Amino acid sequence: MPFNQSGNENLGKALLFLKEFDAENLDEKICELKALQICCRLGFTICKHCNHHQMLKGELQRMYRCDVCRKEIWITGGSFFDHVRKFRPYLASFFLLERGIILSASDLSNVLGISVDMAGKIYKRIAKLVSEKMQGLGSDISTTELSKIVCRRTIETPARQSPLAEEVEIQKRLALCEPEGSIEELKEPELTTNEVAVLALLSELPTTFAAICERVRLECADASAAVMGLELWELAVRLPGDRYILSDRKTKEASKAIDSKSQKSKQSKAVLGMIDFVEERFQGIGRKNHQLYAALYWIFVDRKRWGPGSILQLCAQSRHIPYREILEYVSPPTIKILTRA
Ligand SMILES: [Zn+2]
């Protein structure tokens with residue numbers, strides 16, 4: 001049973017969507033056929049024993065005998081559906097995810113009539129694939145920002161310690177690797193008297209070099225050295241026609257600060273969104289799985305990218321993901337988080 005109101009609503013929606021799913025996919029046999037069709041869209045399969053390209057005739061089956069070497073060819077072999085015994089739970093999970101319905105493993109197990117363990121495995125396999133699509137997208141956030149939702153122990157949690165000890169260990173290791181004073185700061189300019197005099201004269205309106213010489217009463221060579229100095233400090237900009245204006249270094253710094261602030265506020269919105277998402281559905285998670293839940297959160301918010309058919313398509317084209325890979329997976333100190341496209 002869901003532990004809160006939104007969990008109840010979610011479960012209600014899931015049941016309605018499942019009715020729709022079952023109307024299209026009457027039984028396990030049809031689900032299997034659908035998955036097999038996707039695995040062999042090209043109409044042939046390749047025998048891994050003798051490399052024979054075998055045409056597939058008649059109704060699709062999971063196993064064929066090679067026309068050449070007579071050995072078994074399993075058409076789901078090496079695919080996402082490798083070792084899958086029942087296809088309906090997978091296809092129904094895709095269907096729900098593609099409609100933005102993400103349940104807790106125990107609710108998923110109830111509505112699909114499978115074990116909680118199996119439900120968790122289905123989600124994690126999908127999340128692993130989706131997380132691989134996040135490279136190069138979204139924002140990087142430190143997993144310390146998600147500490148609030150860490151309340152489950154995993155195989156990575158140090159013995160007899162709290163689930164958060166996992167994060168502490170990661171941060172300790174990270175601190176040991178980081179060189180000291182690696183943050184580069186913008187150097188404050190050290191200006192000469194002449195440079196200060198010229199700088200005071202410049203504005204956003206162009207001033208000719210001749211006017212500079214005249215107004216600060218400098219020899220041509222000294223004035224030239226001063227404007228060059230200011231250019232080097234990026235305080236003045238030379239325009240065509242030997243004219244100078246005040247550079248927008250200050251403006252640039254300000255806009256950089258604003259950009260980074262708005263970037264940070266976008267990120268913190270995403271972090272808060274993910275925290276709500278996890279708390280509403282799963283109460284809490286283990287630290288090592290942050291990236292996988294960030295992938296589920298992406299599916300949840302980006303309805304355009306992960307609409308009907310998208311997850312089925314992704315999984316149909318994917319390799320097999322052994323459960324060991326999920327078990328051994330540990331989210332890095334910085335994870336990707338994505339909101340709407
Ligand atoms: Zn063969």
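Which residues does E32 touch, not counting residues up to four places away in sequence? The tour will reach this point after a view of the whole chain. Please note that the model is predicted.

**Stop 1: the domains.** Colour the protein by its three assigned parts: domain 1 (5-131), domain 2 (139-176 + 252-305 + 323-337) and domain 3 (193-248). Then place a marker at the centre of domain 1 and another at the centre of domain 3; taken over C-alpha atoms, these centres are separated by 71 Å.

**Stop 2: E32.** Select residues 28-39, which form helix α2, and find E32 within this helix. Display its side chain and the surroundings: E32 is in contact with R62 and F87, not counting residues up to four places away in sequence. E32 is buried, yet it has no salt bridge. Now select K29, the nearest side chain of opposite charge, at 4.7 Å from E32. A salt bridge would require a distance within 4 Å, so this pair does not form one.

**Stop 3: the zinc ion.** Select the zinc ion together with C47, C50, C66 and C69, whose SG atoms are its protein donors at 2.3 to 2.4 Å. The angles among the four donor atoms run from 102 to 117°, and the site is tetrahedral. Along the sequence, the donor residues follow the spacing C-x2-C-x15-C-x2-C. Because C47 lies in the loop between β1 (44-46) and β2 (53-55), and C69 in the loop between β3 (63-65) and β4 (72-74), the pair ties together parts that are 22 residues apart in sequence.

**Stop 4: two of the cysteines.** Show the surface and turn to C47, which is buried with a relative accessible area of 1%. C69, by contrast, is partly exposed, with a relative accessible area of 26%.

Definitions and conventions
Residues are numbered from 1 along each chain as its sequence is written. This is a predicted model: local features need pLDDT of at least 70, side-chain atom pairs count only at pLDDT 80 or more; totals for chains, interfaces and linings use all residues. Side-chain values use heavy atoms; hydrogens and water are left out. Donors are N, O and S atoms within 2.8 Å of the metal (3.2 Å for Na, K and Ca); water is not among the atoms, so sites may look incomplete. Four donors count as tetrahedral if all angles lie between 85 and 135 degrees; four count as square planar and six as octahedral if opposite donors are over 155 degrees apart and all others between 65 and 115; anything else is irregular. Helices (H or I, at least four residues) and strands (E, at least two) are DSSP runs, numbered from the N terminus. Buried means under 20% relative accessible area, exposed over 50%, partly exposed in between (1.4 Å probe, protein chains only). Lys and Arg count as positive and Asp and Glu as negative; His and the chain ends are not counted. Contact means heavy atoms within 4.5 Å. Domain bounds come from an automatic or database domain assignment.
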